[in-house]
Amino acid sequence: MTANILELSGISRSYSTRQGLFGKRVPVRAVDDVSLSLQEGQTLALVGESGSGKSTTGRIALGLERPNSGHVLFRGSELPPADTPAWRRMRAQMQMIYQDPLAALDRRLPILDQTREPLDIHDVGPASERNDKALAMLDAVGLNAGHAASLPSQLSGGQRQRAVLARALIMKPSLLVCDEPVSALDVSIQAQVVNLLMDLQRDLQLSLLFISHDLKVVRQVSQRMAVMYLGRIVEYGETRLLLSNSVHPYTRALISAVPVAGRRTRERIILTGEPPNPAARPAGCAFHPRCPIARSECANVSPAFTTLPDGRSVACHAVDGHPPIEEVGV
Ligand SMILES: Nc1ncnc2c1ncn2[C@@H]1O[C@H](COP(=O)(O)OP(=O)(O)O)[C@@H](O)[C@H]1O
Ligand SMILES: [Mg+2]
């Protein structure tokens, strides 16, 4: 069996946020008892509506945020305290790609300089070779010498995200957390960047934690996926299984919302009720107010995980009477 590069066990993270401009502060459980693992060289997708705790989980995985409880293991070792030399050494192995490439780039610095910068900061190799290394990395992400001399504002959105990738990969990390990496790009460009990411993953043996709400992309890039709702995982297993035979009613609703040629709109499950509000999390199963198959216990008792014979975990009281069904899928 392949080793895990990343393991999160029982991670929880709360914030206190103000309700309204002058409202009182209320605790928000952004991530609640999340356990996940990612195998070396593979991709684990995290999906769920906005506010479900995906980004917080990604930041915790990189040690950019400390959990209130739980453990993060990178190649079997606990992340050292932030900003220590041991943490910096481990952090050089992990990089994050955000949705907005412009925010990740320095507007005043040519792309070549930004790509080379991590080598300068960490004093990697002879200084005279760093420009060549940066140019080679830019070439690997599909940017040429002309792009290298440009400022971020002179590039298109897709080219900027390629530049972000070059900078993230120049230190040869082994783990990349991608937080909605193509959501801000034109649809026509998204596929190119996703394909590039997959090529780079293969060539550089990268492991990816891939946060996305686009299930078509998730199907293309990931071997396993976890569906989050209000800070908790509700279904977790092989992407192929979840997208063709989802069990949790929330996963079903997400899949159903994806337009598929040939499927009539009225066959879709429409998510009803209030969108999830982390500051007013319903008791019992947090999804029960919107759930088409909720029963009385769902309002009172939080469902435990059940592991099905196909290896997936599902947190749903109705799972026994609700076996996987063949769906149109994504
Ligand atoms: N730094 C923070 N301070 C206060 N609340 C936060 C902070 N980060 C995240 N949250 C809250 O935690 C919840 C989950 O956020 P997030 O992890 O960004 O979800 P997602 O990425 O799935 O949209 C949200 O309600 C968000 O407002
Ligand atoms: Mg997010």
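Biologist: Is the crossing of α4 and α5 left-handed or right-handed?
Modeller: In this predicted model, α4 and α5 cross in the right-handed sense.

Biologist: At what angle do the two helices pack, and how far apart are their axes?
Modeller: Helix α4 covers residues 111-121 and helix α5 covers residues 127-140. They pack at an angle of about 120 degrees, and their axes are 9 Å apart. That angle makes α4 oblique to α5, because angles of 65 to 115 degrees count as roughly perpendicular and those over 145 as roughly antiparallel.

Biologist: Which residues meet there?
Modeller: From α4, the residues are I111, L112, T115, R116, L119 and D120. On the α5 side they meet R130, N131, K133, A134, L135, M137 and L138. By type, the residues of this contact divide into seven nonpolar, two polar and four charged.

Biologist: Turning to the sheets, what is the strand order in the sheet of four strands?
Modeller: The order is β2-β1-β4-β5 in an open sheet, and the pairing is antiparallel.

Biologist: Why is one side of β2 and of β5 left without a neighbour?
Modeller: Strands β2 (25-39) and β5 (77-78) stand at the edges of the sheet and each has a single partner strand, so one side of each has no neighbour there.

Biologist: And how many bridges join β1 and β4?
Modeller: Five bridges join β1 (residues 4-18) to β4 (residues 69-74), in the antiparallel sense. Within this pair, S12 stands opposite S69 of β4.

Biologist: What is the order in the sheet of eight strands?
Modeller: That open sheet runs β6-β7-β8-β3-β9-β10-β12-β11, with mixed pairing. Its edges are β6 (94-97) and β11 (305-307), each with a single partner strand, so one side of each lacks a neighbour in the sheet. From one strand to the next, the twist averages 20 degrees.

Biologist: In what sense do β3 and β9 pair?
Modeller: Strand β3 (residues 43-47) pairs with β9 (residues 224-229) in the parallel sense, over four bridges. One of the residues involved is V47, whose bridge partner in β9 is V227.

Biologist: Which strands of this sheet does α1 touch?
Modeller: Helix α1 touches β3, β6, β7 (175-179), β8 (207-211) and β9, and its direction makes about 155 degrees with that of β8. Helix α1 (residues 54-61) also lies across β1, β2 and β4, running at about 125 degrees to β1.

Biologist: Finally, where are the domains?
Modeller: The chain is divided into domain 1 (108-172) and domain 2 (247-319). Their C-alpha centres lie 43 Å apart.

How values were computed: Residues numbered from 1 in each chain as written. Chains lettered and ligands numbered in written order. Predicted model: local features only at pLDDT ≥ 70, side-chain atom pairs only at ≥ 80, totals over all residues. Pairing = 2+ DSSP bridges. Contact = placed C-beta atoms within 7 Å. Axes fitted to C-alpha atoms, helices over the stretch in contact; angles between N-to-C directions. Parallel < 35°, antiparallel > 145°, perpendicular 65-115°, else oblique. Left-handed = near helix turned anticlockwise from the far one by under 90°. Nonpolar A, V, L, I, M, F, W, Y, C, P; charged D, E, K, R; others polar. Domains from an automatic or database assignment.
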